[in-house]
Number of protein chains: 4
Amino acid sequence: VRLGLTSPSRAEAFADGVFAVAITLLVLDLKVPSAITHGLGRELLDQWPNYAAFVVSFLTIGIIWLNHHSLFDRLTVVDRPLLLLNLLFLLSVCTIPFPTAVLAASLRAGQGEAVGAGLYGGTMAVMGLFFALMWVYAVRRRLVPRELVPGEAVAGFLARFAMGGPIYAATIGLSVWQARWSLAVYAALALYYAAIPTPGRPRHALGHSQRGPGEG
Amino acid sequence: VRLGLTSPSRAEAFADGVFAVAITLLVLDLKVPSAITHGLGRELLDQWPNYAAFVVSFLTIGIIWLNHHSLFDRLTVVDRPLLLLNLLFLLSVCTIPFPTAVLAASLRAGQGEAVGAGLYGGTMAVMGLFFALMWVYAVRRRLVPRELVPGEAVAGFLARFAMGGPIYAATIGLSVWQARWSLAVYAALALYYAAIPTPGRPRHALGHSQRGPGEG
Amino acid sequence: VRLGLTSPSRAEAFADGVFAVAITLLVLDLKVPSAITHGLGRELLDQWPNYAAFVVSFLTIGIIWLNHHSLFDRLTVVDRPLLLLNLLFLLSVCTIPFPTAVLAASLRAGQGEAVGAGLYGGTMAVMGLFFALMWVYAVRRRLVPRELVPGEAVAGFLARFAMGGPIYAATIGLSVWQARWSLAVYAALALYYAAIPTPGRPRHALGHSQRGPGEG
Amino acid sequence: VRLGLTSPSRAEAFADGVFAVAITLLVLDLKVPSAITHGLGRELLDQWPNYAAFVVSFLTIGIIWLNHHSLFDRLTVVDRPLLLLNLLFLLSVCTIPFPTAVLAASLRAGQGEAVGAGLYGGTMAVMGLFFALMWVYAVRRRLVPRELVPGEAVAGFLARFAMGGPIYAATIGLSVWQARWSLAVYAALALYYAAIPTPGRPRHALGHSQRGPGEG
């Protein structure tokens, strides 16, 4: 008998709320120029690192949400350790507006880009780590049933997923040399994460009532 | 067999959260006057462009939400490309507080109105484009069943919907000449979008359990 | 045949999100003193109008949420005009952090209190008006079934509810004379609204599955 | 006959929203250094109290959410007094970003730490009080059925839970002597709260349909 088991639905609702707020707070780093001295258009264009960082972080959070969504779709039940792992994962998600703003500021100032990129890539790597830990824990404790998600599919998924870590680390070096291209690498990584198929099938595939067209 | 198909419900929950946060963050551009030198009432009245832009953007986001709600009500299933389109659509929704603040600032400063109107109208036009793309994709991939939404109804809907694009572009010209009236055009466009009936019928009309009075 | 009828659930989710964000954004008006010159405790105490306004606005939004909750619990279906009324109602809810900050600033500055109280009471009165309009519309269009909510119960409810309007207006006069007590009147009004019982019974009372202990 | 009984689901949704927004707003106290004079890395490191306070408050709110989740999982029905208690509880949750920012600022300034710790611990103690009151009320009014939650289990839970109060008070004294360690005590308390098992079993354990593997 394990205590503290509940259905994943309210944890999903809480995570959805955190994702939605974190992704939307990113816009607060887009600021109206305080003085319009060189023309509004020119001053807005000077903020390009803020727009680029906004778009990259938005896509990254959004794609993390897609992957979180797919993971929770495969859970039939959650326990307290998973909820705590989920909380640490959400902590890293909530932090993202801060490294986003720091990276944009360092790109605009033309100094500290390696620090900015290190903070940004480090936050993303920590987030990826907690996400991978949730998968490992969920599989080990059979919170995802074997018939839905075969173990070897998870191993392949995690192997592909783990590629992100060294790439985030490498962008610190890149940022010393060509700072603005590190943002392009982050964007490419987000799209890479979007393209990894989640292993197994969602829990509603167990029953027949919610099956969609062409599925199964 | 298509992978990644899930029910629309969690994507709806996430979108609802993003809409709710984006629409509420608009209030952060209404600021308490820092010094009360000419009387509080006078200083508050000087901020009229901020109030007007707040109301127009609120109604626009709210009406987009209504239309998004109607679209998702017609989906029986969602796949990953649709979720990515939805993410790009939400990116444009989340951005709205920024062009709203820029437009209000340019109207108060009495300069840069064309830039402000261009940024505002451009954001809205991009948002409309992604919304239309979701419709087209959902119809082509049969994520909305034919028996719910006939193809020619969608074509008529998109034709009416597409009227928004040139009108948003035209307000840039209007803003050079009479900047404050561009806000009135944006408000009128929001109401126009509210008045276009969504094609077809919601998915619960397939069954009989959730049918409301007078429906069907 | 009426078009655009849907179930109230996604409108509830959107409204819950807006309420949750608006009520939580109130905390952003509680600011850390920028310089600690007279001791932190003293400087924090000087901000009492911000704390008082925070608590009063929080309770008001929270109690409006309770009443909104009760109204939507009685709707079996919603149509597009109700969703638009709901949107205008939520517009007034989202605005509340602004008059809250203005009222607190005027109380701290010791000037402009009548303007601050007028803006605050006016926002609340407009919100009450839209809430009442939703009730009237829902009853007229039979979005709440007669067997759940008798017409005369609604009339009694709206009569009690309408008392708020003149009281909000009267606080403008009070604020000229004794500004800080206007906040106490606003708090009392919030509690008064909490004490008015919602007419009729929730929709799940129609069936028997969700009936709670002691109900009906 | 008791009026105003409804299902807990919409109150849960509202609370989830408030928790999600409050926990995410914490990031707004992490600020980009305004001038990069001593190097970005150095200036970021100087902000360590803000990071520490961010993490501690995030974990605290997250763990409160877990406990709130467990409580509401045991309610079969809610009434208006419980909703009002829940509102006062959420008021204290929403306030947390403010004492978090004050405590971080006092640690950075090296003065006012006892005031900062008092405000922080006081907010947490008030929150714990309202949470305990919800449990007491729910048990007395039988909103949690006896067969799910035995009375003596609740008494043991509340006794362990009440330990937090004096410890929060003691950190005020600690903060005069060794201010930065008070944050470590707050973190330890959050983990302590996470480790107290919620008494009884969730309501879905009454039926058999939602039972997870290994449960019961």
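The expected span of a helix is 1.5 Å times one less than its number of residues. The exercises below apply to a predicted model.

**Exercise 1. Compare the length of helix α5 of chain C with its expected span, and then determine which of its residues are buried.**

Step 1. Helix α5 of chain C covers residues 97-109, which makes 13 residues, and its first and last C-alpha atoms are 18 Å apart, close to the 18 Å expected at 1.5 Å a residue.

Step 2. A residue counts as buried when its relative accessible area is under 20%. With that cut-off, 10 of the 13 residues of α5(C) are buried, and the helix is mostly covered.

Step 3. The buried residues include Pro97(C), Phe98(C) and Pro99(C) at the start of the list, then Thr100(C), Ala101(C), Val102(C), Leu103(C) and Ala104(C), and also Ser106(C) and Leu107(C).

Step 4. Beyond the helix comes Gly110(C), which has a positive phi, near 75°.

**Exercise 2. Work out what relation places chain B on chain A, and identify which pairs of chains have no contact.**

Step 1. Chain B is superposed on chain A by a rotation of 90° with 0.0 Å of shift along the axis, and the RMSD is 0.0 Å. This is the relation of a four-fold axis.

Step 2. Chain A and chain C are not joined by any contact, and their closest C-alpha atoms lie 8 Å apart. Chain B and chain D likewise have no contact, with 8 Å between their closest C-alpha atoms.

Step 3. Of the interface residues of chain B, only 8% are also interface residues in chain A, so the copies meet through different surfaces.

**Exercise 3. Describe the contact between chain A and chain D, beginning with how many residues each chain gives.**

Step 1. Chain A gives 38 residues to the contact, while chain D gives 46 residues.

Step 2. Together the two chains bury about 3200 Å², of which 75% is on carbon and sulfur atoms. Arg10(A), Arg80(A) and Phe98(A) supply 25% of the area that chain A buries against chain D, more than any other three residues.

Step 3. Between chain A and chain D there are 2 salt bridges, and 5 residue pairs are in polar contact. On the side of chain A that touches chain D, the elements giving two or more residues are α1 (9-25), α4 (80-95), α5 (97-109) and α6 (113-140).

**Exercise 4. Trace salt bridges that cross between chains, and decide whether their residues are buried or exposed.**

Step 1. The structure holds 12 salt bridges over all chains. Asp16(D) belongs to helix α1 (residues 9-25) of chain D and Arg10(A) to helix α1 of chain A, so this pair joins two chains.

Step 2. The side chains of Asp16(D) and Arg10(A) meet in a salt bridge at 2.7 Å, N to O, and both residues are buried. A network of salt bridges links Arg10(A), Glu12(D) and Asp16(D).

Step 3. Arg10(B) forms a salt bridge with Glu12(A), whose closest N and O atoms are 4.0 Å apart. The pair runs from helix α1 (residues 9-25) of chain B to helix α1 of chain A, and Arg10(B) and Glu12(A) are both buried.

Step 4. Glu12(B) and Arg10(C) form a salt bridge, the closest N and O atoms being 4.0 Å apart. Glu12(B) lies in helix α1 of chain B and Arg10(C) in helix α1 (residues 9-25) of chain C, so this pair, too, joins two chains.

Step 5. Glu12(B) counts as buried because its relative accessibility is 10%, and Arg10(C) is buried with a relative accessible area of 6%.

How values were computed
Residues are numbered from 1 along each chain as its sequence is written. Chains are lettered from A and ligands numbered from 1 in the order in which they are written. This is a predicted model: local features need pLDDT of at least 70, side-chain atom pairs count only at pLDDT 80 or more; totals for chains, interfaces and linings use all residues. Side-chain values use heavy atoms; hydrogens and water are left out. Helices (H or I, at least four residues) and strands (E, at least two) are DSSP runs, numbered from the N terminus. Buried means under 20% relative accessible area, exposed over 50%, partly exposed in between (1.4 Å probe, protein chains only). Copies are superposed by least squares on the C-alpha atoms of residues with pLDDT of at least 70 in both. Contact means heavy atoms within 4.5 Å. Buried area is the accessible area (1.4 Å probe) that two parts lose on being put together, summed over both. A polar contact is a pair of N or O atoms within 3.5 Å; within protein, one must be able to donate a hydrogen and the other to accept it, and residues adjacent in sequence count only if both atoms are side-chain atoms.
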